[in-house]
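Please open the structure in a viewer and keep the selection panel at hand. The tour below proceeds stop by stop, with a selection at each one.

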Amino acid sequence: MAIDFKKKRGFICDMDGVIYHGNTILPGVREFIRWMQNEKKDYLFLTNNSGYTPRELNQKLCRMGLNVPEEHFYTSALATAAFLADQAPGCSAYVIGEAGLLNALYDAGIVMNDVDPDYVVVGEGKNYSLDTLTKACNLVLKGAKLIGANSDISGPIENGIMPACGSLVSPIEMTTGTKAYFCGKPNPLMMRTGLKKLGCHSNEAVMIGDRMDTDVISGLESGMSTVLVLSGVSDRSTLDAFAFRPSVILSGVGEIPKLAARDEK
Ligand SMILES: [Mg+2]
């Protein structure tokens, strides 16, 4: 199942554990990005975090000395906005979340409504409180459909972990007896809308990530070649827990330009 990286047109690449850890850039990333840019590859950097806008992600990478224009970022907020705009153009939503999610929804023509919205949309964010939770529950009981930007249970912070979107949605699910629909990874929908954004067919594209249960499975289920990198949360023993495997396993994305150069010879 080797991948001919030289021939692939599109690259969808997870960020945390692949490009950086916290605010630290990982080895070989600079070379990998330069290779994609020089080879005129279509590429997207993808994150389940709905809190940041593409502009904020562009600035975060700038601070690490990486120049990646805004249009190359794809977040679960953008996937959620694309999903809602497709399902119910011009719909309304009550939103718990941050700028990344609010901007994405506004840009997709979705109207904010805290009286009788079509959807309750939840992302990670600091305006989450018992008040917003109570409001969300009552709107769902009145018929609003419940959407989560992603189903992640927790995310890393300095000195530990913090609850992520999936955990924040669960009190609403429990209180109302309604199951949420999640738009981010591992929903292959996020890969499909990402591929559409790249203008690329799945068999010309590669998904690169450090998690089997989100990155690799969603790439696999949407028909892409998959790369598991060991620069993040997974090591070789992680593979034993899964019934599927990635196309290739690499120590980090820095190996990709080297493999492409080798294949050329
Ligand atoms: Mg990751």
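Which residue takes a positive phi just after α6? Select Gly177: this glycine, which directly follows the helix, has a phi of about 70 degrees. The model under view is a predicted one.

**Helix α6**

Next, select residues 165-176, the twelve residues of α6. The C-alpha atoms at the two ends of this helix are 17 Å apart, which agrees with the 16 Å that twelve residues should span at 1.5 Å a residue. Within α6, colour Cys165, Gly166, Leu168, Val169 and Ile172, which are buried. They lie on the same side of α6, because the arc they cover around the axis is only 160 degrees. To view the packing partners of these buried residues, add β8 (119-122), α5 (130-141), β9 (145-148) and β11 (160-163) to the selection.

**The parallel sheet**

Keep β8 and β9 in view and extend the selection to the open sheet of five strands, whose order is β7-β6-β8-β9-β12. The pairing in this sheet is parallel. At its edges are β7 (111-112) and β12 (181-182), each of which pairs on one side only. Zoom in on β8 and β9, which pair in the parallel sense over four bridges. Here Val120 may be selected together with Leu146 of β9, the residue that it stands opposite.

**The two domains**

Now zoom out and colour the chain by its domain assignment. Domain 1 comprises 10-48, 185-226 and 257-264, while domain 2 is 78-182. The distance between the C-alpha centres of domain 1 and domain 2 is 26 Å. Six residues from domain 1 and six residues from domain 2 take part in the contact. On the side of domain 1 that touches domain 2, the residues comprise two nonpolar, three polar and one charged.

**Helix α8**

For the last stop, select residues 212-221, which form α8. Is this helix mostly covered or mostly uncovered? It is mostly covered, with eight of its ten residues buried. The buried residues are Met212, Thr214, Asp215, Val216, Ile217, Ser218, Gly219 and Leu220. Display β1 (10-14), α7 (188-198), β13 (205-209) and β14 (225-229) as well, since these elements are among what covers the buried residues of α8. Finally, select Gly223, just after α8, where phi is positive at about 85 degrees.

Key:
Residues are numbered from 1 along each chain as its sequence is written. This is a predicted model: local features need pLDDT of at least 70, side-chain atom pairs count only at pLDDT 80 or more; totals for chains, interfaces and linings use all residues. The expected span of a helix is 1.5 Å times one less than its number of residues. A residue is buried if 20 or more other C-beta atoms lie within 10 Å of its own, exposed if 12 or fewer, and partly exposed in between; C-beta atoms are placed from the backbone. The arc is that of the directions from the helix axis to the C-beta atoms. Two residues are in contact if their C-beta atoms, placed from the backbone, lie within 7 Å. Domain bounds come from an automatic or database domain assignment. Ala, Val, Leu, Ile, Met, Phe, Trp, Tyr, Cys and Pro count as nonpolar, Asp, Glu, Lys and Arg as charged, and the others, Gly among them, as polar. Two strands pair if DSSP finds at least two bridges between them.
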